Amino acid sequence: MSSEKTKDLHLEEKHLQPETKEINGILMTKMISDNWDKIWNFQANPDDPLISTYAKAGGYQKMVVEIKPALMDKVKINVELVNEMPSPRITKTHLPFQFMPPSIWEKNCKIIYMARNAKDNMVSYYHFHRMNACLPDPGTWDQYFEASMKGDGEWIPLGIMKLNKKVIFLYGIVGDWKNYFTVAQNETFNEDYRKKMVNTSLTLRTEL
């Protein structure tokens, strides 16, 4: 969705400020941190496939049940539900690599990584922040861009949502980032991206 079509998006309620706590250098909601032992001690089975995505990378529709951090308002139910399911149990997570439950690696589970080009992903996440009253107010695009490039932000549950009643889903368009990124921002992003992706063979198209 282009900037012209999203410029009138706004929340009908003020953004809430969920209580947060830092876990190994990353801010999590208190709801996640209070249940962290349940997440970390999740016991995977060898035939449990895991779908791993960054938030807003297009993997939500592939979810059968999430162990974390999405829908963390129901983490107790979700973890218990997964434990009761017969194998193979398909799970999905937005957790960073270092936060994966150890059993995922110990049982050598198959991991399906779903990726989206990072520029469109950033734009999509920006609008998700604007639509979700339980996420911090992202401010303007420029403010959000600067904060994202600095790594500032919170790992927030996606299930606790107060959405703008007019808009629930945004249909991402490949290359829509060009409606948001300035020339300077694009240069800054490209330089940072090259540094962080130098040791990977993953190639993503930023336009069609």
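This is a chat between a trainee and a mentor about a predicted model of one protein chain.

Trainee: How many helices and strands does the chain have?

Mentor: Eight helices and seven strands. Keep in mind that the model is predicted.

Trainee: What is the average pLDDT of the chain?

Mentor: The chain averages 75. Of the residues, 71% score at least 70.

Trainee: Which elements have the lowest and the highest mean pLDDT?

Mentor: Strand β4, residues 66-68, has the lowest, at 44. Helix α5, residues 102-106, has the highest, at 94.

Trainee: Where does pLDDT drop below 50?

Mentor: Over residues 1-11, for one. That stretch still has 31 contacts in the model beyond near neighbours in sequence. Residues 157-169 also stay under 50. For residues 157-169 the model has 38 contacts beyond four places in sequence.

Trainee: OK, new topic. What share of the chain is buried?

Mentor: Buried residues make up 42% of the 208 residues.

Trainee: And which residues have the most contacts inside the largest nonpolar core?

Mentor: M122, V123, W141, Y144, F145, F181 and F189. The core has 15 residues.

Trainee: Which elements give two or more residues to this core?

Mentor: Two helices do: α6, residues 118-131, and α7, residues 141-150. α6 gives the most, with five residues.

Trainee: Is there another core, and which residues are among its members?

Mentor: Another core, of eight residues, lies apart from the largest one. I26, I39, L95 and F99 are among its members.

Trainee: Back to Y144. What is Y144 in contact with?

Mentor: M122, Y125, Y126, H129 and P138. That leaves aside neighbours within four places in sequence.

Trainee: F181 was on your core list too. Where does F181 lie?

Mentor: In the loop between β7, residues 154-155, and α8.

Trainee: Buried or exposed?

Mentor: F181 counts as buried, because its relative accessibility is 8% and the cut-off for buried is under 20%.

Trainee: What does F181 touch?

Mentor: K119, M122, V123, W141, F145, N186 and F189, not counting residues up to four places away in sequence. Take K119: it is 62 residues from F181 along the chain. Their C-alpha atoms are separated by 8.5 Å.

Trainee: What share of the contacts between residues at least 6 apart join residues at least 24 apart?

Mentor: In this chain, 81%.

Trainee: Let's do helix packing. How do α6 and α8 cross?

Mentor: At roughly 120°, with their axes coming within 11 Å. α8 covers residues 183-196.

Trainee: Why is α6 called oblique to α8?

Mentor: Because of that crossing angle. Roughly perpendicular stops at 115 degrees and roughly antiparallel starts over 145, so an angle between those counts as oblique. The crossing of α6 and α8 is right-handed.

Trainee: Which residues make the contact?

Mentor: From α6, A118, K119 and M122. From α8, N186, F189, N190 and Y193.

Trainee: And how do α7 and α8 cross?

Mentor: At roughly 15°, and the axes come within 12 Å. α7 and α8 are therefore roughly parallel to each other. Their crossing is left-handed.

Trainee: Which residues meet there?

Mentor: W141, D142, F145 and M149 in α7 meet Q185, T188, F189 and D192 in α8.

Trainee: Now the backbone. Which residues does the cis peptide bond join?

Mentor: S87 and P88, with omega about 0°. P88 lies in the loop between α4, residues 75-84, and β5, residues 91-93.

Trainee: Is P88 buried or exposed?

Mentor: Exposed, because its relative accessibility is 52%. The cut-off for exposed is over 50%.

Trainee: What does P88 touch?

Mentor: D47, D48 and P49, leaving out residues up to four places away in sequence. P88 and N45 are 43 residues apart in sequence, with 7.7 Å between their C-alpha atoms.

Trainee: What is the phi of K56?

Mentor: About 70°, so to speak of its sign, positive, although K56 is not a glycine. K56 lies in the loop between β3, residues 50-53, and β4. At 27% relative accessibility, K56 counts as partly exposed.

Trainee: And N108, what is its phi?

Mentor: Positive, about 55°, and N108 is not a glycine either. N108 sits in the loop between α5 and β6, residues 111-114. N108 counts as exposed, at 65% relative accessibility.

Terms used. Residues numbered from 1 in each chain as written. Predicted model: local features only at pLDDT ≥ 70, side-chain atom pairs only at ≥ 80, totals over all residues. Heavy atoms only, no water. Helix = DSSP H or I, 4+ residues; strand = E, 2+ residues; numbered from the N terminus. Buried < 20%, exposed > 50% of the residue type's maximum accessible area, 1.4 Å probe, protein only. Contact = heavy atoms within 4.5 Å. pLDDT = per-residue confidence, 0-100. Core = buried A, V, L, I, M, F, W, Y, C linked by side-chain atoms within 4.5 Å. Axes fitted to C-alpha atoms, helices over the stretch in contact; angles between N-to-C directions. Parallel < 35°, antiparallel > 145°, perpendicular 65-115°, else oblique. Left-handed = near helix turned anticlockwise from the far one by under 90°.
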